[in-house]
Amino acid sequence: MNHDIYIYLLVMSAVTLAIRILPVTLIRRPIKNRFLRSFLFYVPYVTLAVMTFPAIMDATRSPYAGLLALIVGIGLAWKGLSLFKVAAACCMVVFGVELLIL
Amino acid sequence: MTLTTTSAPKRAPFMEGIRDGTPIALGYLVVAFTLGIAARNAGLTAFEGFLASFFNNASAGEYAAFTIIAADAPYLELAIMTLVANARYLLMSCVVSQKFAPDTNILHRVLVGFDITDEIFGITIARKGPLNPYYNYGAMSLALPGWSVGTALGVMAGNLLPEAAVSALSVALFGMFIWVIIPPARDNRIIGALVAISFIASFACAHLPVISDLSGGTRTIILTVAIAAIGAILHPIKDHA
């Protein structure tokens, strides 16, 4: 590894803390720019979706297990189940599928 | 500097924060454990994983950061990736800034801002009236250790678990992402369409020639900025949305 892990940690922490702390301390009025507000509104959903698929199929030993976990997770989250239940169900699907086909 | 600039109660909101923070902390402990496995794969020690999680408190942001660290990529790429993956906290922090009573001490704002996560943001916004920082401190007092200790445990115990268990646990983090994006995608057709487009575009870019040679983090940045910008241009949110 050519880079220092503590500089990596410093960089990511500084960026994250600045993102979280600067607006809440500096902004006393609502953001007016409509494009910026819309962009910031959509970013979380887009970036999480991009990171979830197809990466979930590479995270498991069998890509089919990851794919099925994605489908089951979407179904349960759609029904409004809690974070813990959705995450646990995804894990159990992968465990079950890999038990059967590997 | 004193923390008491407001006459609002402290003890009762703190206990309510602990009550609401308990299920969050338990969920964090499990999900952070799998984040610890990702940290371990990136070469982090348990202590380094603890530090990363204590100061970042971000599932997607940390996961993305660990993939960049694993690739031994430049510091700038890590900074940009962290910025993009955590950009939603910028918006949440803006929203939380509107919840504070105007006379709130800046130290309270800094401390509350320190731990604006998806879940703590959710319970903060769900409360009526001006934000009482002691409610957030109650929730943070469990959520923060749950997340950072869970990550350290994942780094330490990730290699002790059988392969089947690691494979199963590694999707818990994706389960959390799914849990964040799907209910809004169900209730808002624009978000739903953007999520579907993101899935398709991400899949395509992972397989297209040239583009698939870029790192996963770089593809995530490009796709996020492009798709969210297109969404913002075609369907700007209504005022007070």
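This report walks through three local features of a predicted model: a helix in chain B, a threonine in chain A, and a helix pair that joins the two chains.

## Helix α11 of chain B

Let's start with a quick geometry check. Helix α11(B) covers residues 189-207, and its 19 residues at 1.5 Å each should span 27 Å; the end C-alpha atoms are 27 Å apart, so expectation and model agree.

At the N-terminal end, Asn188(B) acts as the cap, with a side-chain oxygen 2.8 Å from the backbone nitrogen of Ile190(B). Ile190(B) is itself buried, and so are Ile191(B), Leu194(B), Val195(B), Ser198(B), Phe199(B), Ala201(B), Ser202(B) and Cys205(B). A helix has 3.6 residues a turn, so residues three or four places apart point the same way.

## Thr60 of chain A

Thr60(A) sits in the loop that links α3 (55-59) to α4 (63-78) in chain A. Its relative accessibility is 7%, under the 20% cut-off, so Thr60(A) counts as buried.

The Thr60(A) side chain makes two polar contacts with backbone atoms: the oxygen of Ser62(A) at 2.8 Å and the nitrogen of Gly66(A) at 3.4 Å. Thr60(A) also touches residues of both chains, including Val94(A), Glu98(A), Ser167(B) and Val171(B).

## Where α1(A) meets α6(B)

Helix α1 of chain A (residues 5-26) packs against helix α6 of chain B (residues 106-114) at about 145 degrees, with the axes 8 Å apart. Their crossing is right-handed.

From α1(A) come Leu17(A), Arg20(A), Ile21(A), Val24(A) and Thr25(A), which meet Ile106(B), Arg109(B), Val110(B), Gly113(B) and Phe114(B) of α6(B). Sorted by type, the residues of this contact are six nonpolar, two polar and two charged.

Notes:
Residues are numbered from 1 along each chain as its sequence is written. Chains are lettered from A and ligands numbered from 1 in the order in which they are written. This is a predicted model: local features need pLDDT of at least 70, side-chain atom pairs count only at pLDDT 80 or more; totals for chains, interfaces and linings use all residues. Side-chain values use heavy atoms; hydrogens and water are left out. Helices (H or I, at least four residues) and strands (E, at least two) are DSSP runs, numbered from the N terminus. The expected span of a helix is 1.5 Å times one less than its number of residues. Buried means under 20% relative accessible area, exposed over 50%, partly exposed in between (1.4 Å probe, protein chains only). A polar contact is a pair of N or O atoms within 3.5 Å; within protein, one must be able to donate a hydrogen and the other to accept it, and residues adjacent in sequence count only if both atoms are side-chain atoms. Contact means heavy atoms within 4.5 Å. Axes are lines fitted to C-alpha atoms, for helices over the stretch in contact, and angles run from 0 to 180 degrees between N-to-C directions. A crossing is left-handed if the near helix is turned anticlockwise from the far one by less than a right angle, and right-handed if clockwise. Ala, Val, Leu, Ile, Met, Phe, Trp, Tyr, Cys and Pro count as nonpolar, Asp, Glu, Lys and Arg as charged, and the others, Gly among them, as polar.
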